[in-house]
Amino acid sequence: MDRRQFFQLSALVAASTATASCSKNTSRLVAPQPLVQPDESLLLTNVRLVDVRHGRLLPDNQLRLSGGRIAGIGSSSTHLPKADRTLDLGGAYVSPGLINLHTHMTLPSGISMRPGMLFSLERQAERNAEECICHGVTTVRDMLAFGDWLDSLTDKIASGEILGPRILSSRALCVEGSYGTKMIPIHNPKYWKMVHSAEEGAEAVREAKDHGTHCIKLFQQPRELFIPGRPLKIMDLETMRAITEEAARQGLPVALHQTEHGGFNTGLDGGVRDMQHVIRDFPFTDEDLRRMQDAQAAVIPTLTAPFGLAHRSPGDARWADENMQEFDRWRRRILPDLLREYLEPEFVRGSLDYYNRLARPESYTRKHLIPWPDQNVFTSAVTMGKANAKALYDAGVPFGCGNDGGIPFVFPGAVHVEIELLESIGVPCAEGLKMATWNNARLMGLEGELGSLEDGKRADLAVFRNNPLQSSRHLKRPQMVFQDGRVRYIRQGFEAKTV
């Protein structure tokens, strides 16, 4: 976004504020009545436990929860300590809570220039959090947007004012004129830091640790993602190495935004082991795959990121491919329902309007008031990006799971869409579920707390009616969700019997 676009958008925001009363927002999600008191224990019986690490079921089991943690697992014949209350789940499938490692919780997941848009922005950030809980996502890593709003959202979740996931925060370290500075015009120094040298980079990591930050984010994006695609500054290798080395000493993971082959190689050279997105400008070579394997690096492919932004532009031969046409048919089939499920009414209408404008090929030859996606970026992210993701997976490179939730048409709670896209490149659903639980916990160094059903771990649970190891369709709508042993959501119509 350049200065002209920023001031144009500001004028629209001002007009939106003046007509805020035009917008009607949804009510906040309310937690069910507690099943037990904080000092009491709960026994879940008649459950099929999902062993995500090994992709198998443990049928006819029971799970004891106490003090917010798992305090006993066993078959129906196992003698577990007596609980204050017992709940029969009728053979439901119990999985660890899902983890989304690439979200932007304070972005609206939609776009609207309609009257009342600003009035809905804060509520949409709350909806992002609530929809995570409704869809079994109990932990997210926020990859940044508006830091002040993130503080407010985190505080509201912690106080119980709203329901939402556990938020793992990031701090972006940028150089002047880089992707990180161009995308967000207002930066909170707690979450965004400009660095000018290797020494400043290392110091910024130590500051992040002192702030309680969970992750460092870097950028290797040489061009803008929106028309006209102007060049951007990127961080030098010396500074990147200083940051990754200090982060290792501080126990902080470093995640790198990169979408091109040059950034991928620089990231590996600079010591990054958590790659965000997949490159879309060049096919991975055998040497690239070997480098990833040797470095023991992981990738979070965010296949959902181009979901709503990849469209046909004049003369683009890629859309003659049947795979692209099938992608477009699939998207058109599911997008309207996704918008209605995850967005505030103001953003549903505006996002559908924006999508329909994007879908017109002639729109890419015109100037627009708001940033317009570059189809050389987004369509190639679907074609070359998916092919490169498949090459990485087939080579045995570890995957985490994140979907870029918060950008237009992508929702922090919709991890099931990312797993469905992973299925489309040959990843079995059981592996996708493992990526969204165990693998993600390991990438953040939290495998002792989260990511699997084991004694002593946090009691974050998603309860499904059908087997989530079999299909991403079974992951769409959990029947119950627990967070730290407390029931946070029960889908209407689901009945569990008190024994």
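User: Two strands pair if DSSP finds at least two bridges between them. What makes β6 and β7 a pair?

Analyst: Three bridges join β6 (residues 137-142) to β7, and the two run parallel. The cut-off is at least two bridges, so they count as paired. Within that pairing, Val-140 stands opposite Ile-167 in β7. One caveat up front: this is a predicted model, where local features need pLDDT of at least 70 and side-chain atom pairs count only at pLDDT 80 or more, while totals for chains, interfaces and linings use all residues. Residues are numbered from 1 along each chain as its sequence is written, and side-chain values use heavy atoms, with hydrogens and water left out.

User: Which strands are the edges of that sheet?

Analyst: The sheet is open, with three strands in the order β5-β6-β7 and parallel pairing. Its edge strands are β5 (98-103) and β7, since each pairs on one side only.

User: Why is Ser-169 called buried?

Analyst: Buried means under 20% relative accessible area, exposed over 50%, and partly exposed in between (1.4 Å probe, protein chains only). Ser-169 comes in at 11%, so it is buried. You'll find Ser-169 in the loop between β7 (166-168) and β8. Leaving out residues up to four places away in sequence, Ser-169 touches Asp-142, Tyr-191, Gly-212, Thr-213, His-214 and Cys-215, where contact means heavy atoms within 4.5 Å.

User: How do you know that the length of α5 agrees with a helix?

Analyst: Helices are DSSP runs of H or I with at least four residues, strands are E runs of at least two, and both are numbered from the N terminus. The expected span is 1.5 Å times one less than the number of residues. For the 13 residues of α5 (residues 198-210) that gives 18 Å, and the end C-alpha atoms are 19 Å apart, which agrees.

User: Which residues of α5 are buried, and why say they line one face?

Analyst: They are Ala-198, Gly-201, Ala-202, Ala-204, Val-205 and Ala-208. Seen down the axis, they fall within an arc of 155 degrees, so they line one face of the helix. That arc is taken from the directions from the helix axis to the C-beta atoms. On the other side of α5, Glu-199 and Asp-210 are exposed.

User: What do the buried residues of α5 pack against?

Analyst: They pack against β8 (170-174), β9 (192-194), β10 (215-220) and α6 (237-250). After α5 comes Gly-212, whose phi is positive, near 85 degrees.
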